[in-house]
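Let's take a look around this protein together. Start by scrolling through the sequence and turning the structure in your viewer.

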Amino acid sequence: VSQYQNPQYNLAVADSDAKILAKVFRDGGAGIFDKASIRTLTNSEANKNSILEQLQWLQSETTQNDLAIVTISGHGVTDEFDDFFFLPYDYDTTKSMAFSAVAWDDIHRWLRRIPCNIWLVMDTCHSGGVTRIGTRGMREREMDRAMKKALRTFSEAPKGLVIMAASLGQQSALENADWGHGALTLALLEGLTGRYLIRGGHRTQ
């Protein structure tokens, strides 16, 4: 999510990250998988209900012979209990986090029911200081602790689960409009395509 219902939360490249990753997985999977079923939600499409509906769809469509890939890009915040939440397009600061944001418990509820291996990419740290909107004064170590708590929950899943998460300790360098991507997505794209997209701080294409 780059364009939020509340423009105070807007980001630069989270939506384009989602689109380019979908294209790379679709094109790159052509010679590996018999079929690739890809659904992408960006900006207003990525409201809370739609996100949960698509996780339910993924659970219903996968078999034990598949590989499920879930990528999440946008703002992440924590509540007073160190529980981690993803902010959907329609996040409303006038409502409780539990009612307006997507809890990691909700995501985990669907992922643990998926019968195949899962690759989870969480690039929820594009925001730097902006992430602290609504949780003003939150320290980075508190964000780190909340993310680790969420990852421990995911790691309890009985099936294979690979998790890639953006570093919370380097928030100032996590999104750069000159790159055209968040830092984690950039590293992932370079690994998947086998070529450098940035050299000496400049785009190569």
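A residue counts as buried when its relative accessible area is under 20%. By that rule, 45% of the 205 residues of this protein are buried. Keep in mind that you're looking at a predicted model.

**The overall picture**

The protein is built with six helices and 10 strands. Its exposed surface comes to about 10800 Å², and 47% of that is supplied by carbon and sulfur atoms. How far apart in sequence are the residues that touch? Take the contacts between residues at least 6 apart: 68% of them join residues at least 24 apart.

**The core**

Now head inside. The largest nonpolar core has 30 residues, and the members that touch the most others are Ile72, Leu87, Met97, Ile107, Leu111 and Ile114. Several elements each give two or more residues to this core. Among them are the helices α2 (48–61) and α4 (104–111), along with the strands β1 (67–73) and β5 (117–123). The strands β3 (84–86) and β4 (102–103) chip in as well.

**Rings**

Next, the aromatic side chains. The structure has three aromatic pairs. For the rings of Tyr4 and Tyr9, the centres are 6.0 Å apart and the planes meet at 50°, so this pair is called tilted. Both Tyr4 and Tyr9 are buried. Ring pairs also bring in Tyr91, giving a cluster of Tyr4, Tyr9 and Tyr91.

Another ring has a charge for company: the charged end of Arg113 sits over the ring of Trp110, 4.9 Å from the ring's centre.

**A salt bridge**

How many salt bridges does a search of the whole structure find? Just one. Asp106 and Arg109 form it, with their closest N and O atoms 2.8 Å apart. These two residues are about one helical turn from each other, because they sit three residues apart in helix α4. Are the two partners buried or exposed? Asp106 has a relative accessible area of 16%, so it is buried. Arg109, at 32%, counts as partly exposed.

Here are the distances from the rings and the salt bridge side by side:

| Partners | What the distance joins | Distance |
|---|---|---|
| Tyr4 and Tyr9 | ring centres | 6.0 Å |
| Arg113 and Trp110 | charged end and ring centre | 4.9 Å |
| Asp106 and Arg109 | closest N and O atoms | 2.8 Å |

To finish, find helix α4 again in your viewer: it gives residues to the largest nonpolar core, and it holds both Asp106 and Arg109.

Methods: Residues numbered from 1 in each chain as written. Predicted model: local features only at pLDDT ≥ 70, side-chain atom pairs only at ≥ 80, totals over all residues. Heavy atoms only, no water. Phe/Tyr/Trp six-rings, centres within 6.5 Å; stacked < 30°, edge-to-face > 60°. Buried < 20%, exposed > 50% of the residue type's maximum accessible area, 1.4 Å probe, protein only. Lys NZ or Arg CZ within 6 Å of the ring centre and 35° of its normal. Core = buried A, V, L, I, M, F, W, Y, C linked by side-chain atoms within 4.5 Å. Helix = DSSP H or I, 4+ residues; strand = E, 2+ residues; numbered from the N terminus. Contact = heavy atoms within 4.5 Å. Areas by Shrake-Rupley, 256 points an atom, 1.4 Å probe, with all protein chains shown as cover. Salt bridge = Lys/Arg side-chain N within 4 Å of Asp/Glu carboxyl O.
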